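This report describes one protein chain. The sequence and the structure are shown first, and the description follows.

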Amino acid sequence: MSPWLTVVGIGEDGYKGLARNARHALLQARQVFGGARQLALLPPCIQAEQRQWPSPFSLSPVLEQRGAPVCVLASGDPMLFGVGASLSKHVPLAEMRVIPAPSSYSLAAARLGWALQDVVTLSVVARPVAALNAHLQNGLRLLVLSNDGSSPAAIAAQLRDRGFGPSRMIVLEHLGGSAERQIEGTAGEWSPADIAALNLVAIECRAQPDALRLSPLGGLPDEAFRHDGQLTKRDVRAITLARLAPVPGELLWDVGAGCGSIGIEWMRAHSTCRAIAVEADEGRQHLIEFNRDALGVPGLQLIRGRAPDALEGLEQPDAIFIGGGVTREGVLHACWQNLRSGGRLVANAVTLQSEAMLVNWREQHGGELTRIHLAHAKPLGEFDTWRQALPITLLEAIKP
């Protein structure tokens with residue numbers, strides 16, 4: 001089947017900025033879909049029926065036209081946080097073509113003289129601003145697509161809250177159009193301003209001296225988390241995550257999640273990593289909700305319940321961590337049964353009873369046991385001595 005759907009990227013310069021093939025597609029289309037702002041850029045010579053996206057947003061009106069010549073308008077590059085990427089999940093490649101325009105990221109990088117390959121590109125269009133927290137690193141440059149004119153102030157507040165008040169912010173409005181404008185300041189001194197709904201925020205991250213260093217490589221400082229004592233400590237967490245081995249796109253079950261530290265660090269390893277935290281304690285559920293936003297992974301899914309019952313019906317995971325509930329009847333069995341073939345199961349034990357469960361389970365199913373001993377230097381009078389932390393027994397097993 002020849003392409004019936006053409007997705008056209010259009011910039012602030014409108015129809016005159018389109019290439020010949022994009023203009024031809026619009027002239028031949030029976031229907032053109034887009035937002036009100038994009039459709040308003042079309043000249044009278046476009047005779048196709050113009051249809052705005054429904055609210056709530058849905059691709060169904062386009063998909064229902066399969067076989068008829070249809071155009072969809074998108075801002076800039078449709079495959080970059082755009083409708084083209086969404087449509088490609090439903091329309092075979094042979095039935096669809098995409099004609100991109102320069103993205104807002106490309107235009108912003110050109111205006112600022114920033115090498116685009118060295119910049120982190122993000123979007124808060126219909127997404128939580130808290131997701132930025134996963135990318136706040138001193139010296140890093142971010143380009144953030146705004147949801148509307150209030151986004152820059154919300155971003156500035158987020159930066160201040162995380163100790164990045166000195167960060168330089170440049171708001172770029174109407175990129176590529178006649179009304180293009182830049183507004184510059186620091187996050188710490190940002191004041192509300194009349195900013196156009198169509199804007200992008202460029203950020204040069206600068207941390208305050210006392211800001212927490214939040215490496216994406218695992219082993220965040222313990223003080224980065226709010227917790228009630230149920231926290232897999234930093235060094236043990238780093239070892240545990242190394243055994244879980246996060247891979248882009250994979251799903252983790254964090255069973256008996258406590259304050260959510262393992263699931264949060266798993267998701268920080270890559271933007272496509274996903275996690276489900278299972279926790280029965282109401283107080284810890286609130287801690288998980290706070291920590292996931294504060295550390296930039298608002299997409300972490302929280303299941304309020306007790307394993308193994310709470311595991312029923314969940315999406316099959318690629319890896320499972322059991323931080324609490326090892327001794328509860330049926331938990332290890334349910335986790336192992338639900339794990340994908342080739343998936344990793346990691347469980348930590350502190351008590352003799354939980355360690356015995358792991359030893360017995362290993363005898364039946366195999367795997368590797370590791371004993372973790374850690375000691376920290378602590379004051380003893382006028383001197384220092386080593387204080388041993390409770391030993392941890394770690395089970396790692398890969399499902400055949």
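The sections below cover an annotated domain, a sheet with its helices, the nonpolar cores, two buried residues and the salt bridges.

## Model and annotation

The model is predicted. An unreviewed UniProt entry lists residues 5–189 as "domain: Tetrapyrrole methylase". In the model, this span is 23% helix and 24% strand, and its end C-alpha atoms lie 47 Å apart.

## The seven-stranded sheet

An open sheet is built from seven strands, ordered β13-β12-β11-β14-β15-β19-β16. Its pairing is mixed. The edges are formed by β13 (301–304) and β16 (368–372), each of which pairs on one side only. From one strand to the next, the twist averages 15°.

One pairing can be followed in detail. Strand β11 (residues 251–255) runs parallel to strand β12 (residues 274–279), and five bridges join the two. Within this pairing, leucine 252 has alanine 275 of β12 as its bridge partner.

## Helices across the sheet

Two helices that lie across strands of this sheet are described here. Helix α7 (residues 234–244) crosses β11, β14 (319–322), β15 (344–349), β16 and β19 (392–398). Its direction is at about 160° to β15.

Helix α10 (residues 331–338) lies across β11, β14, β15 and β19. The angle between α10 and β14 is about 170°.

## Nonpolar cores

The largest nonpolar core has 30 residues. Those touching the most other members are Phe225, Leu244, Leu252, Trp266, Leu295 and Leu300. Two or more residues each come from α7, α8 (261–268), β12, α9 (282–294), β14 and β19. The element that gives the most is α8, with four residues. Apart from this core lies another, of 26 residues, which includes Leu311, Cys335, Leu339 and Ala397.

What does leucine 252 touch, beyond residues up to four places away in sequence? Its contacts are Leu244, Ile262, Gly263, Trp266, Arg274, Ala275, Ile276, Ala319, Ile320 and Phe321. Ala275, its bridge partner in β12, is thus also on the contact list. Leu244 and Trp266, two further contacts of leucine 252, are named with it among the core residues that touch the most other members. In soluble globular proteins, nonpolar side chains tend to be buried together.

## Two buried residues

Glutamine 285 belongs to helix α9. Its relative accessibility is 6%, so glutamine 285 counts as buried. Leaving aside neighbours within four places in sequence, its contacts are Glu279, Ala280, Leu302, Arg304 and Gly305.

Glycine 165 sits in the loop between α6 (151–161) and β8 (168–173). Is glycine 165 buried or exposed? With a relative accessible area of 9%, glycine 165 is buried, because the cut-off for buried is under 20%. Outside the four nearest places in sequence on either side, glycine 165 is in contact with Leu159, Arg160, Thr186, Ala187, Gly188 and Gln208. Between the C-alpha atoms of glycine 165 and isoleucine 10, which are 155 residues apart along the chain, the separation is 35 Å.

## Salt bridges

The whole structure contains 18 salt bridges. One of them joins glutamate 184 and arginine 168, with 2.7 Å between the closest N and O atoms. Glutamate 184 is in strand β9 (residues 181–186) and arginine 168 in strand β8, so the bridge ties together parts 16 residues apart in sequence. Glutamate 184 is exposed, at 52% relative accessible area, whereas arginine 168 is partly exposed at 23%. Both residues belong to a salt-bridge network that links Arg141, Arg168, Glu184, Glu204 and Arg206.

Two other bridges link distant parts of the chain. Arginine 243 and glutamate 368 meet at 3.7 Å, N to O; arginine 243 is in helix α7 and glutamate 368 in strand β16, 125 residues apart. Arginine 243 is partly exposed at 22% relative accessible area, and glutamate 368 is partly exposed at 41%.

In the other bridge, the closest N and O atoms of arginine 344 and glutamate 250 are 2.8 Å apart. Arginine 344 lies in strand β15 and glutamate 250 in the loop between α7 and β11, with their positions 94 residues apart in the numbering. Arginine 344 is buried, with 10% relative accessible area, and glutamate 250 also counts as buried, at 15%.

Notes. Residues numbered from 1 in each chain as written. Predicted model: local features only at pLDDT ≥ 70, side-chain atom pairs only at ≥ 80, totals over all residues. Heavy atoms only, no water. Pairing = 2+ DSSP bridges. Axes fitted to C-alpha atoms, helices over the stretch in contact; angles between N-to-C directions. Contact = heavy atoms within 4.5 Å. UniProt positions renumbered as here; feature names shortened; annotations may be inferred. Core = buried A, V, L, I, M, F, W, Y, C linked by side-chain atoms within 4.5 Å. Buried < 20%, exposed > 50% of the residue type's maximum accessible area, 1.4 Å probe, protein only. Salt bridge = Lys/Arg side-chain N within 4 Å of Asp/Glu carboxyl O.
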